[in-house]
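Work through the exercises below with the sequence and the 3D structure open. Try each task before reading its solution.

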Amino acid sequence: MVLLPSMTSLLLVFLFLYGVSPVISDGSDHRYKVGDDVPLYANKVGPFHNPSETYRYFDLPFCSSAPVKEKKEALGEVLNGDRLVSAPYKLEFLGEKNSEVACRKRLSREDVAKFRDVIAKDYYFQMYYDDLPIWGFLGKVVKEGKTDPSEYKYYLFNHLQFEIFYNKDRVIEIIVRTDQNFLVDLTEDKEVQVDFTYTVRWKETEIPFEKRMEKYSLASSMPHHLEIHWFSIINSCVTVLLLTGFLATILMRVLKNDFVKYAHDEEAVDDQEETGWKLIHGDVFRFPKHKSLLAAALGSGTQLFTLAVFIFMLALVGVFYPYNRGALFTALVVIYALTSGIAGYTAASFYCQLEGTNWVRNVILTGSLFCGPLLITFSFLNTVAIAYQATAALPFGTIVVIFLIWALVTSPLLILGGIAGKNRKSEFQAPCRTTKYPREIPPMRWYRRTLPQMAMAGFLPFSAIYIELYYIFASVWGHRIYTIYSILSIVFLILVIVTAFITVALTYFQLAAEDHEWWWRSLLCGGSTGLFIYAYCLYYYYARSDMSGFMQTSFFFGYMACICYGFFLMLGTIGFCASLLFVRHIYRSIKCE
């Protein structure tokens, strides 16, 4: 496609401008001298089991010894919910401290109640020191075998121990611990004087600066984790081999017999009645109903597939290393904007091949088919986040930036792609001539109808990826780190292959039953894996996670609905394209009057 070379260069420029460099680095290359201030930023706080429900650090009644300064965030960092501000702790390079007082504050009864509430909800904090992430819990609840919550003891951690490793003039690693000997009792509703203190210890290490982020990557590469991942790969490969072997054997034998039979019939009696899929050769290429919607779905699915391929390419070259704040979200926004031309081109080209006339409406439908539901979902969830005053609520400036990207990049490229697709002026390649009147479809058994066929088509691809889904969910909706993108790429490739093969098989069985309305069926069967993934969301939420609350629940099911809808369009497009190639091939191999 002619848009790809220029799109690739534009992609690199955009990623560079937004701070996503396609090299393995950690975004910080600062060298320090003794006594230099090394930036420590407090990011956010929130319930440990609700990863989407996060708040600004100073939304809680913490104190600060100096005016709080906000760090300017890039687009992807804001989308990620990061809101970095200067922390009250001062960690100079190689400067050791022992029980230093960061600040003092007298907590009012309302402050005490607020801290007690968040401690009960298992709140954690996140900070960044020289772009290295650190975490800790705010306090603890002592139950002492008591079952009545009114008898629990609530304690706030007011002392942090920082252990920092350095190599010459660079920071390599930081560990923070909460000291169990420094506790403030917040059980009773009364004012409390709190001294927030901290200790700093520096240790030298031989780990080079270039490898300081590897410890986070190794967390997902532990031997017992790798065994499970490879078991997932083997399971998927066995599924593919069995499926492809079975389908290839059946289809090749059946098709060979069909070809021999039809060739023999042609040599024998000319007026002998045709049967099977050859009987409907005059209807199989009859254009489907709602062809504008079908073309729009194919355009959106092609764009999302291209987006996935680019994301995997960037992941494999090391762009999305752990805690590269906002890199993934930035890449998603930028690549989606730049690939909109592919959606417009594919949709308009296919729509015009189907003899569609209103290509402008088709391009508009293509642009809104995925973005429309996503915009509605975002508007609702952003309103919820604003009501909760959570960091997931996007600032007005960020919304304006996204709107400008859509108005100045996405929409023009979509229109240009549509114009290019319209001007292609290629005819639909149909090996058989379509009859004037459609043939009546014979009654079908229940298992040959659309919903049972979708269930069969979606189950096999889902069974090939469900093991890997748990680790992805635990990373996206939890605190695990996922970095094995090579395995994920293999699983994605297997998903594409299985989807194509199972859709082709079901299309053949549909045609053999003399049902010529295969267009929409192939797209629905190919995309049905997205419905299985959403069903897995229900299982994961209730059986494998501890998420709770209206905000976290709405974020999980809302955004997962959009993701699964994207999978539906993408895999549906793959299934349809595979079926189209197959149908053209088999009807090109026989003589049709």
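**Exercise 1. The largest cavity**

Task: How much space lies in the largest cavity, and which residues line it?

Solution. The model is a predicted one. Begin with the volume: the largest cavity holds about 80 Å³ of space. It belongs to a set of four cavities of 30 Å³ or more in the structure. Next, list the lining: Tyr 57, Phe 62, Tyr 89, Phe 125, Met 127, Phe 137, Leu 138, Phe 157, Leu 160 and Phe 196. Finally, sort these residues by class: 10 are nonpolar, none is polar and none is charged.

**Exercise 2. A three-stranded sheet**

Task: In what order do the three strands of the open antiparallel sheet stand, and which strands are at its edges?

Solution. Write down the order, which is β7-β8-β11, with antiparallel pairing. Now look at the ends of that order: β7 (139-142) and β11 (183-185) each have a single partner strand, so one side of each has no neighbour in the sheet. On average, neighbouring strands here are turned by 30 degrees against each other, direction ignored. Then take one pair: β8 (residues 153-157) and β11 are antiparallel and share three bridges. Within β11, Asp 185 is the bridge partner of Tyr 155.

**Exercise 3. A four-stranded sheet**

Task: Which strands stand at the edges of the open sheet with mixed pairing, and why is one side of each left without a neighbour?

Solution. First, the order of the four strands is β4-β12-β9-β10. The edge strands are β4 (97-107) and β10 (170-178); each has a single partner strand, so one side stays without a neighbour in the sheet. Neighbouring strands of this sheet are turned by 20 degrees against each other on average, direction ignored. To see a parallel pair, follow β9 (residues 159-167) and β12 (residues 192-204), which are joined by eight bridges. Phe 162 stands opposite Val 200 in β12.

**Exercise 4. A helix across strands**

Task: Across which strands does helix α3 lie, and at what angles does it run to β8 and to β4?

Solution. Locate helix α3 at residues 109-120. It lies across β7 and β8, running at about 100 degrees to β8. Helix α3 also lies across β4 and β12, and its angle to β4 is about 120 degrees.

**Exercise 5. An annotated motif**

Task: Which residues does UniProt list for the endoplasmic reticulum export signal, and is the span helix or strand?

Solution. The UniProt record gives residues 582-587 for this short sequence motif. In the model, residues 582-587 are 100% helix and 0% strand. The end C-alpha atoms of the span lie 9 Å apart.

Key
Residues numbered from 1 in each chain as written. Predicted model: local features only at pLDDT ≥ 70, side-chain atom pairs only at ≥ 80, totals over all residues. Heavy atoms only, no water. 1 Å grid on protein atoms, 1.4 Å probe; cavity = no way out; pocket = protein on both sides within 12 Å on 5 of 7 lines; lining within 4 Å. Points joined across faces, edges and corners; volume = space filled by probe spheres on them. Nonpolar A, V, L, I, M, F, W, Y, C, P; charged D, E, K, R; others polar. UniProt positions renumbered as here; feature names shortened; annotations may be inferred. Helix = DSSP H or I, 4+ residues; strand = E, 2+ residues; numbered from the N terminus. Pairing = 2+ DSSP bridges. Axes fitted to C-alpha atoms, helices over the stretch in contact; angles between N-to-C directions. Contact = heavy atoms within 4.5 Å.
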